[in-house]
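Me: I'd like to go through this structure with you and ask why things get the labels they do. Shall we start?

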Amino acid sequence: MAAAELAVPALPNSGGAGAPSGTVPVLFCFSVFARPSSVPHGAGYELLIQKFLSLYGDQIDMHRKFVVQLFAEEWGQYVDLPKGFAVSERCKVRLVPLQIQLTTLGNLTPSSTVFFCCDMQERFRPAIKYFGDIISVGQRLLQGARMLGIPVIVTEQYPKGLGSTVQEIDLTGVKLVLPKTKFSMVLPEVEAALAEIPGVRSVVLFGVETHVCIQQTALELVGRGIEVHIVADATSSRSMMDRMFALERLARTGIIVTTSEAVLLQLVADKDHPKFKEIQNLIKASAPESGLLSKV
């Protein structure tokens, strides 16, 4: 069976795990999970996909491609679902996400991108390494977001005790500013805001601290199927050790560690882009390296 992008058609009433009359019990496996259910006798590929979506919809990245496999007793392992397969007896199937091709990784377009600015607050100023540089680059990114019409979501960690976002960061036009106590930015309000933005595939993430809020936010977003770009020159921690080990760990998980200039130029993509000149002026002076080069 060829790989397919998942669509969400209406799901007929196909019975539950008790396998009512006219249905066949099926074990549906996805990732580390296995959930028993049932489908109508004769159900084929499309009904199996529908059932996977009903069971695991909140965990399936709709932008990826998948293959359905059937456990074959003859071989003692899963095999790709045979062409024209129809469920006629008790069986076990699994949904397998295909690896994203390396040539497609890291693409950024303004229409499918959101910027996340994490906890750039006043009380962190004396503690965070190169905080002045991080503020400067963060402000540059927010200016670029305004130029390109990219939504921005901002959080503040316990602002009652840690203060508001620093004055140098201009929050004009941002979509959302939220207080939080959770380290990750992935709050219910943030998830709701993302759901309101059609076609979001990528988050450009920056702020503090790299090994805490940035790392936990990135991992949660990736777990929800969103591609994450961490701007290395716009994120830091109280120690360079924590900062650099976090960036290394995140890169190893497939998260894209990049720079502010790379992000902004990738978003315009062409010197004929109507905003290219504005972005070019924004990056005319190179961003400060904030201690990154000494650790390369």
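Me: Why is D170 called partly exposed?

Reply: Its relative accessible area is 30%. Buried means under 20% and exposed means over 50%, with partly exposed in between (1.4 Å probe, protein chains only), so D170 is partly exposed. A word on the background: this is a predicted model, where local features need pLDDT of at least 70 and side-chain atom pairs count only at pLDDT 80 or more, while totals for chains, interfaces and linings use all residues. Residues are numbered from 1 along each chain as its sequence is written, and side-chain values use heavy atoms, leaving out hydrogens and water.

Me: What makes R146 and D170 a salt bridge?

Reply: The term needs a side-chain nitrogen of Lys or Arg within 4 Å of a carboxyl oxygen of Asp or Glu. The closest N and O atoms of R146 and D170 are 3.6 Å apart, so the pair fits the rule. R146 lies in helix α2 and D170 in the loop between α3 and β9, so parts 24 residues apart in sequence are tied together. Helices (H or I, at least four residues) and strands (E, at least two) are DSSP runs, numbered from the N terminus. R146 is also partly exposed, at 32%.

Me: How many salt bridges does this rule give?

Reply: The count comes to 12. One of them joins E168 to R125, with the closest N and O atoms 2.9 Å apart. That pair links distant parts of the chain, 43 residues apart. Another is between E196 and K175, at 3.7 Å from N to O. E196 is in helix α4 and K175 in the loop between α3 and β9, so parts 21 residues apart in sequence are tied together. There is also a network of salt bridges linking K182, E191, E220 and R224.

Me: Why is E196 called exposed, while K175 is partly exposed?

Reply: E196 has 57% relative accessibility, so E196 counts as exposed. K175 has 36%, so K175 counts as partly exposed.

Me: How do you know that C118 is in no disulfide?

Reply: A disulfide is a pair of cysteine sulfur atoms within 2.5 Å. For C118, the nearest cysteine sulfur is that of C213, 4.6 Å away, so the cut-off is not met. The structure holds zero disulfides. Both cysteines are buried: C118 has a relative accessible area of 0%, and C213 has 5%.

Me: What makes T113 buried, and which residues is T113 in contact with?

Reply: T113, in strand β7, has a relative accessible area of 1%, so T113 is buried. Contact means heavy atoms within 4.5 Å. Leaving aside neighbours within four places in sequence, the contacts of T113 include L108, I150, P151 and V204.

Me: Why do β7 and β8 count as paired?

Reply: Two strands pair if DSSP finds at least two bridges between them. Four bridges join β7 to β8, so the two strands pair, and they run parallel. Within this pairing, F116 stands opposite I153 in β8.

Me: What makes β9 and β12 edge strands?

Reply: The open sheet has six strands in the order β9-β8-β7-β10-β11-β12, with parallel pairing. β9 and β12 each have a single partner strand, so one side of each is left without a neighbour in the sheet.
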